[in-house]
Amino acid sequence: MEKTMSEEQNKPADATVEPTEATAETTANTGAAPGEDRVAKLEAEVANLKDQLLRAMAETENTRRRAQRDREDAGKFAVSSFAKELVTVADNLRRALDAVPAEGREQDEMLKSLAVGVEATERQLFAAFDRAGIKKIDPTGEPFDPNFHQVMFEIENTGKSAGTVVQVLQPGYTIHGRLLREAMVGVAKGGANDVGGQHVDTTA
């Protein structure tokens, strides 16, 4: 019994285990890696959110600009149907004036007064057209343009290059640069006596 107690007393106390260099490095690496991963993930999320925000802002700006253009176009071209009716009125005023012979004005005071009144009305109408962005197309002497002209016939031996507008049956009109009504025209036909001698394609 005394021997056993003596052995217990003489047994050295448990020594505190000092971490080795490799153990410390492993612990350090094990503790740092999750933190670095978390920071990297957060940075990636922030970058992704920034990208989404920039895209959303760009799309919002594009939508705003499109809406603004649509509003402007609506304001400019909403009256197109009404404007087409008015240009017909302008046609009739001009026909009325052309129907009055110059001699008739000089000989008939009432006819002269009527013609002067119609001319004043025509001027006021065209002033209103100008304010609304409506422009008259009178392409006499200009090359045929299928975007703005409608060919009704071709005329031979005009001395003009083929495709040149030599007669306007009905003037055309644009509104803010957009076609409102085509001009109905007659064009020079290519031939031996025509400048250029070429045929114009009027089916475009």
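The count of salt bridges in this predicted model comes to 10, a salt bridge being a side-chain nitrogen of Lys or Arg within 4 Å of a carboxyl oxygen of Asp or Glu. As the model is predicted, local features need pLDDT of at least 70 and side-chain atom pairs count only at pLDDT 80 or more, while totals for chains, interfaces and linings use all residues. Residues are numbered from 1 along each chain as its sequence is written, and side-chain values use heavy atoms, with hydrogens and water left out.

Several of the salt bridges can be followed individually. In the bridge between E122 and R94, the closest N and O atoms are 2.7 Å apart. E122 belongs to helix α5 and R94 to helix α3, so this pair ties together parts that are 28 residues apart in sequence. Helices here are DSSP runs of H or I with at least four residues, strands are runs of E with at least two, and both are numbered from the N terminus. E122 is buried at 10% relative accessibility, whereas R94 is partly exposed at 33%. These words follow the relative accessible area: buried means under 20%, exposed over 50%, and partly exposed in between, with a 1.4 Å probe and protein chains only.

Helix α5 also carries E119, whose side chain meets that of R105 in a salt bridge of 2.7 Å, N to O. R105 lies in helix α4 (residues 102-107), so the pair ties together parts that are 14 residues apart in sequence. E119 is partly exposed, with a relative accessibility of 22%. Elsewhere, salt bridges that share partners join E61, R64 and R65 into one network. R66 pairs with E59, with 3.4 Å between the closest N and O atoms. Both partners are partly exposed, R66 at 37% relative accessibility and E59 at 43%.

The next topic is the aromatic side chains. A pair of aromatic rings is described by the distance of the centres and the angle of the planes. Rings of Phe, Tyr and Trp (its six-membered ring) pair if their centres lie within 6.5 Å; planes under 30 degrees apart count as stacked, over 60 as edge-to-face and the rest as tilted. A search of the whole structure finds 2 aromatic pairs. One of them joins F126 and F129 edge-to-face, at 5.6 Å centre to centre and with 85 degrees between the planes. These two residues are 3 apart in helix α5 (residues 109-131), which means that about one helical turn separates them. F126 is partly exposed, with a relative accessible area of 24%, while F129 is buried at 2%.

F129 also pairs with Y173: the ring centres are 5.9 Å apart and the planes stand at 80 degrees, so this pair is edge-to-face. Because F129 lies in helix α5 and Y173 in strand β4 (residues 172-175), the pair ties together parts that are 44 residues apart in sequence. Y173 is buried, at 1% relative accessibility. Ring pairs thus link F126, F129 and Y173 into a cluster.

F129 and Y173 reappear in the largest nonpolar core, where they, together with I134 and L180, touch the most other members among its 14 residues. A nonpolar core is a set of buried Ala, Val, Leu, Ile, Met, Phe, Trp, Tyr and Cys residues joined through side-chain atoms within 4.5 Å. The elements giving two or more residues to this core are α3, α5 and β4, and the largest share, 5 residues, comes from α3. In soluble globular proteins, nonpolar side chains tend to be buried together.

Helix α3 features again at the largest pocket, to whose lining it gives the most, with 5 residues. A pocket is found on a 1 Å grid over the protein atoms alone, as an open set of points where a 1.4 Å probe fits, with protein on both sides within 12 Å along at least five of seven lines; lining residues have an atom within 4 Å of a point. The lining comprises 14 residues, of which D91, R94, L169, Q170 and P171 lie nearest the centre of the pocket. Elements giving two or more residues to this lining are α3 (80-98), α5 and β3 (165-170).

Finally, D138 is placed in the loop between β1 (134-137) and β2 (149-155). D138 is partly exposed, at 47% relative accessibility. Its C-alpha atom is separated by 9.4 Å from that of V185, a residue 47 positions away along the chain.
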